[in-house]
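Here are my notes, written to be read with the model open beside them. Have a look first, then go through the points in whatever order suits you.

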Amino acid sequence: YDFNIKGELRHLDTNDSFVFNYYKNDPEQNHKRYQVLGHLITQYVYELLERVCMLQKVYIPTDATEDEPKSFFFMSENALTSSSSLTVLLQDRGVFRAGQWGQRTIVSEGLEHGTQIPFIKKALQSHGGVIVLNPNDNFVDLSTGKELLSFSTGKESPTSKQLVWWIPKRESSSPEEHTMYVWDHFISKSAAKNVAFIAHGYGGLVFVDLLVQRKYEVMNKVYSVAFIDSMHNTQHQTRSDPQIQNWLQQCCREWVSNSKPLDKAVRSLVKVNCPVVSAGTEKYGLAPSHCLRAIFKYLKSTLKAK
């Protein structure tokens, strides 16, 4: 399989889409095959972030020893030094890594819909900086290398049925911890006075966690947040803090998977939440790509109003 010129994943010989049920009646082998594909897509998207988007890979924690497990995120060259706007991308939780909105969407719909690359390009076009967080890169799995190797040779790895050794990455052992660390050591120290977040799914919950933990810093530096199908819970997470709830209402907007046309108001059951509008699609995986233009239009107007 490879991505064609349109960014769609196709079989090189047959031009067919990826076949999930390749081994008949063997879900375990099919799952392993899909895992290998996911690993390769992750490496490929990382490469695109550096080669196509010209982003730099930044390893964390910054004080890590040479042999310590490290995580990383990506940012544009001028992200910390430019005084213009800074856009931070915060993805949903799952097996996928930095630069991806969703792995399944990449496999079935292509790079345009499943990756964050169109968002990165759009943010860079407006001469702002970009930071792409990597919130799901939390552990080192010591058996992965062996399993991938054993899969490619067709032999069963002796470790795959045994205990998997997971080592948490310091300062990145959870999406919340990763985001807080990048905020404390990079975003909060950046020259940009106007920071915007685009947060998808669980990423929305992670942002609100950051807002609660670093209340005044975030409220002063972040001018706007675009949530997409966010999992945050305003009342529960903010413990009914009126300042935070007011800030969320004033500075945020959420796009949700819905049958209504794009940007049409969707009634939210939660009164203290921010305005909620339709993403213009009922498919969760396609929501980010569907509301890209609407999100940047909103960010532009809120920056202007500020």
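1. How many of the 11 residues of helix α6 (residues 175-185) are buried? Bear in mind that this is a predicted model. The count is 8 of the 11, so helix α6 is largely enclosed by the rest of the structure. The buried set in α6 starts with Pro175 and Glu176, then picks up His178, Thr179, Met180, Tyr181, Val182 and Trp183.

2. Stay with Trp183 for a moment. Besides being buried in α6, Trp183 belongs to an aromatic cluster, together with Phe197, Phe207, Phe227 and Trp247.

3. On to ring pairs in general: the model has 19 aromatic pairs. One of them joins tyrosine 1 to phenylalanine 18, with the ring centres 5.2 Å apart and the planes at 55°, which makes the pair tilted. Tyrosine 1 sits in the segment before β1 (2-3), while phenylalanine 18 is in the loop between β2 (9-10) and α1 (27-51), so this contact ties together parts 17 residues apart in sequence.

4. How do these two partners fare for exposure, buried or partly exposed? Tyrosine 1 is partly exposed, at 32% relative accessibility. Phenylalanine 18 is buried, with a value of 9%. Phenylalanine 18 also pairs with phenylalanine 20, this time edge-to-face, at 5.1 Å between centres and 85° between planes. Phenylalanine 20 comes out as partly exposed, at 29% relative accessibility.

5. Phenylalanine 20 has a charged neighbour too: the charged end of arginine 104 sits over its ring, 4.1 Å from the centre. A second case of this kind is lysine 57, whose charged end lies over the ring of phenylalanine 72 at 4.3 Å from the ring centre.

6. Glutamate 68 deserves a look. You'll find glutamate 68 in the loop between β3 (56-60) and β4 (71-75), and at 18% relative accessibility it counts as buried because the cut-off is under 20%. What does the side chain of glutamate 68 contact? It makes a polar contact of 2.7 Å with the side chain of arginine 170. In addition, a polar atom of the glutamate 68 side chain lies 3.1 Å from the backbone nitrogen of threonine 65.

7. Leucine 89, in strand β5 (residues 86-90), is buried at 1% relative accessibility. If you want a distance to check, try leucine 89 to glycine 99: the two are 10 residues apart in sequence and 8.5 Å apart in space, C-alpha to C-alpha.

8. Now the second largest pocket, which holds about 330 Å³ of space. Its lining is made of 14 residues, and those closest to the pocket centre are Lys122, Ser126, Phe296, Leu299 and Lys300. Which helix gives the most to this lining? That is α12, with 7 residues. Both α4 (117-125) and α12 (292-305) supply at least two lining residues each. By class, the lining of this pocket splits into 5 nonpolar, 4 polar and 5 charged residues.

9. If you only revisit two places, I'd pick phenylalanine 20, for the ring pair with phenylalanine 18 and the charge of arginine 104 over its ring, and glutamate 68, for the side-chain contact with arginine 170.

Technical notes:
Residues are numbered from 1 along each chain as its sequence is written. This is a predicted model: local features need pLDDT of at least 70, side-chain atom pairs count only at pLDDT 80 or more; totals for chains, interfaces and linings use all residues. Side-chain values use heavy atoms; hydrogens and water are left out. Rings of Phe, Tyr and Trp (its six-membered ring) pair if their centres lie within 6.5 Å; planes under 30 degrees apart count as stacked, over 60 as edge-to-face and the rest as tilted. Helices (H or I, at least four residues) and strands (E, at least two) are DSSP runs, numbered from the N terminus. Buried means under 20% relative accessible area, exposed over 50%, partly exposed in between (1.4 Å probe, protein chains only). A charge sits over a ring if NZ of Lys or CZ of Arg is within 6 Å of the ring centre and within 35 degrees of the ring normal. On a 1 Å grid over the protein atoms alone, a cavity is a set of points where a 1.4 Å probe fits but cannot get out, and a pocket is an open set with protein on both sides within 12 Å along at least five of seven lines; lining residues have an atom within 4 Å of a point. Grid points are joined across faces, edges and corners, and a volume is the space filled by probe spheres set on the points. Ala, Val, Leu, Ile, Met, Phe, Trp, Tyr, Cys and Pro count as nonpolar, Asp, Glu, Lys and Arg as charged, and the others, Gly among them, as polar. A polar contact is a pair of N or O atoms within 3.5 Å; within protein, one must be able to donate a hydrogen and the other to accept it, and residues adjacent in sequence count only if both atoms are side-chain atoms.
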